[in-house]
Amino acid sequence: APAAAQVAVMPVAPTVYKRGLVLTTGTYLAQGEIGGADDSALRYSRGERRDVRVPLAGVARLHFRETGPDMMAKVPPGRAGVLLKNGDFVEGSLRKLSDRSIELSSVLFGLHKIDPGSTGAYALVCNDVAPANKAQFVVRAADGSVYFASAVRIEKNGWVVEDEVMGEFALSRTGVVEIAAGPGRLEPLARMRPHHVDLANVPAVAGRAAAGLSVDSTGAGVPMALGGAAVESGLTLPAGAAATWDLAGKYRTLTFRAGVPTGVAATAGVRFVVLVDGKEVYRSPVRTSLEQPVSAAVDVGGAKQVTLRVEPASPETAGMATPGLFAGAAVVR
């Protein structure tokens, strides 16, 4: 991929779920028909696949209507039950599901029936989405579905996507919007111990020793954010610093977004530099906290080491040690 490619650093599940089925693998099927369910399996139909029995252990949620992140935040982790329109969560394991009734078994209430229509039920929750997803690909479809696939292949009539719970899905060529590397192929640098951190060119500030590599922190007393948007994971280096990781030739691509954290005074810009086996392969334009971050995908195929470096924009600002944040930096197998 070209170094200036605008890529998504980490694949993510939808933030808003319309009516559909979510599997424990993370796969979200935006269209289909539910033929009912009992305490062992759910019957599901979609396209040419009719009345497929999906083991209930592989079902995470069934959404009856559009559900946004505010509503999903009301679901307690590790609990099964029904999320109602008023925000209440009725806890209980599923015993039976039909068009007119959801029957739950609850420790507190025993057998409990809910009419999804009259109560305005938003979602039936059976299990959590697997926290350690090993999907090799994330496939986004034109109908809004998102497949966390263990395998993807192209055939004469289109794409074949494989899910660990429901097996294979056939998608037309035009039905696939995007295919991205899945979490099973991504290794965040924040989880890898660096081989070496070089602070030789970082000056002491106000008599204090030079700041080093900060993991999941800006190291500057401000929240992790780029361009005003929060960052979940990142690596921060002060201007003049560099960090090197051993790759052992196991990865193909390095992806990241990079910029100066929001809240840092925009008095000194920095550049973000990537070296592969000691050779410079990427250099960003100058960035300050007032500018949008850059995104990059860098070829590291067969590389033994990769180095991330933050450089001051000019010699005059070298003594300011402006922090540079690499957000979501990850290598892809």
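A salt bridge is a side-chain nitrogen of Lys or Arg within 4 Å of a carboxyl oxygen of Asp or Glu. The exercises below concern a predicted model.

**Exercise 1. Determine whether Glu91 and Arg79 satisfy the salt-bridge criterion, and describe the setting of the pair.**

Step 1. The side chains of Glu91 and Arg79 approach to 3.1 Å, N to O. The cut-off to apply is 4 Å, so the contact is a salt bridge.

Step 2. Glu91 belongs to strand S8 (residues 89-91), while Arg79 lies in the loop between helix H1 (69-72) and strand S7 (81-83); the pair therefore ties together parts 12 residues apart in sequence.

Step 3. The relative accessibility of Glu91 is 38%, so Glu91 counts as partly exposed. Arg79 has a relative accessible area of 40% and is likewise partly exposed.

Step 4. Over the whole structure, the search finds 9 salt bridges.

**Exercise 2. Identify which residues are linked with Arg283 in a network of salt bridges, and characterise the contacts.**

Step 1. The network links Glu280, Arg283, Arg309 and Glu311.

Step 2. One contact joins the side chains of Glu280 and Arg283 at 2.9 Å, N to O. Glu280 has a relative accessible area of 36% and is partly exposed. Arg283, at 37%, is also partly exposed.

Step 3. A further salt bridge joins Arg283 to Glu311, with an N to O distance of 2.8 Å. This pair links distant parts of the chain: Arg283 is in strand S28 and Glu311 in strand S30 (residues 305-312), 28 residues apart.

Step 4. Glu311 has a relative accessibility of 17%. Buried means under 20%, so Glu311 counts as buried.

**Exercise 3. State the strand order of the open sheet of 5 strands, and establish which strands are at the edges.**

Step 1. The order is S20-S25-S30-S27-S28, and the pairing is antiparallel.

Step 2. Strand S20 (196-198) and strand S28 (279-283) are the edge strands, each pairing on one side only. On average, neighbouring strands in this sheet are turned by 20° against each other, direction ignored.

Step 3. S20 pairs with strand S25 (residues 242-246) in the antiparallel sense, over 3 bridges. In this part of the sheet, Asp198 stands opposite Ala242 in S25.

Step 4. The loop between strand S27 (270-276) and S28 contains Asp277. Asp277 is not a glycine, yet has a positive phi of about 50°. With a relative accessible area of 44%, Asp277 is partly exposed.

Step 5. A positive phi is also found at Asp51, a residue other than glycine, where the value is near 50°. Asp51 is in strand S5 (residues 49-55).

**Exercise 4. Classify the ring pairs Tyr147 with Phe169 and Phe256 with Phe326 by their geometry.**

Step 1. The structure contains 5 aromatic pairs. Among them, Tyr147 and Phe169 have their ring centres 5.2 Å apart, with 55° between the planes. Planes under 30 degrees apart count as stacked, over 60 as edge-to-face and the rest as tilted; the pair of Tyr147 and Phe169 is tilted.

Step 2. Tyr147 is in strand S14 (residues 146-149) and Phe169 in strand S17 (residues 167-171), 22 residues apart, and the pair links distant parts of the chain. Both residues, Tyr147 and Phe169, are buried.

Step 3. The ring centres of Phe256 and Phe326 are 5.4 Å apart and the planes stand at 70°, so this pair is edge-to-face. Distant parts of the chain are linked here too: Phe256 is in strand S26 (residues 253-259) and Phe326 in strand S31 (residues 323-332), 70 residues apart.

Step 4. Phe256 has a relative accessible area of 0% and is buried. Phe326, at 1% relative accessibility, counts as buried as well.

Step 5. Phe256 and Phe326 belong to one aromatic cluster together with Phe272 and Tyr282.

**Exercise 5. Find which rings have Arg61 and Arg65 over them.**

Step 1. For Arg61 the ring is that of Tyr17: the charged end sits over the ring, 4.8 Å from its centre.

Step 2. For Arg65 the ring is that of Tyr122, with Arg65 over its face at 5.6 Å from the ring centre.

Step 3. The distance limit for such a contact is within 6 Å of the ring centre. The values to compare with it are 4.8 Å for Arg61 and 5.6 Å for Arg65.

Note on methods:
Residues numbered from 1 in each chain as written. Predicted model: local features only at pLDDT ≥ 70, side-chain atom pairs only at ≥ 80, totals over all residues. Heavy atoms only, no water. Pairing = 2+ DSSP bridges. Helix = DSSP H or I, 4+ residues; strand = E, 2+ residues; numbered from the N terminus. Axes fitted to C-alpha atoms, helices over the stretch in contact; angles between N-to-C directions. Phe/Tyr/Trp six-rings, centres within 6.5 Å; stacked < 30°, edge-to-face > 60°. Buried < 20%, exposed > 50% of the residue type's maximum accessible area, 1.4 Å probe, protein only. Lys NZ or Arg CZ within 6 Å of the ring centre and 35° of its normal.
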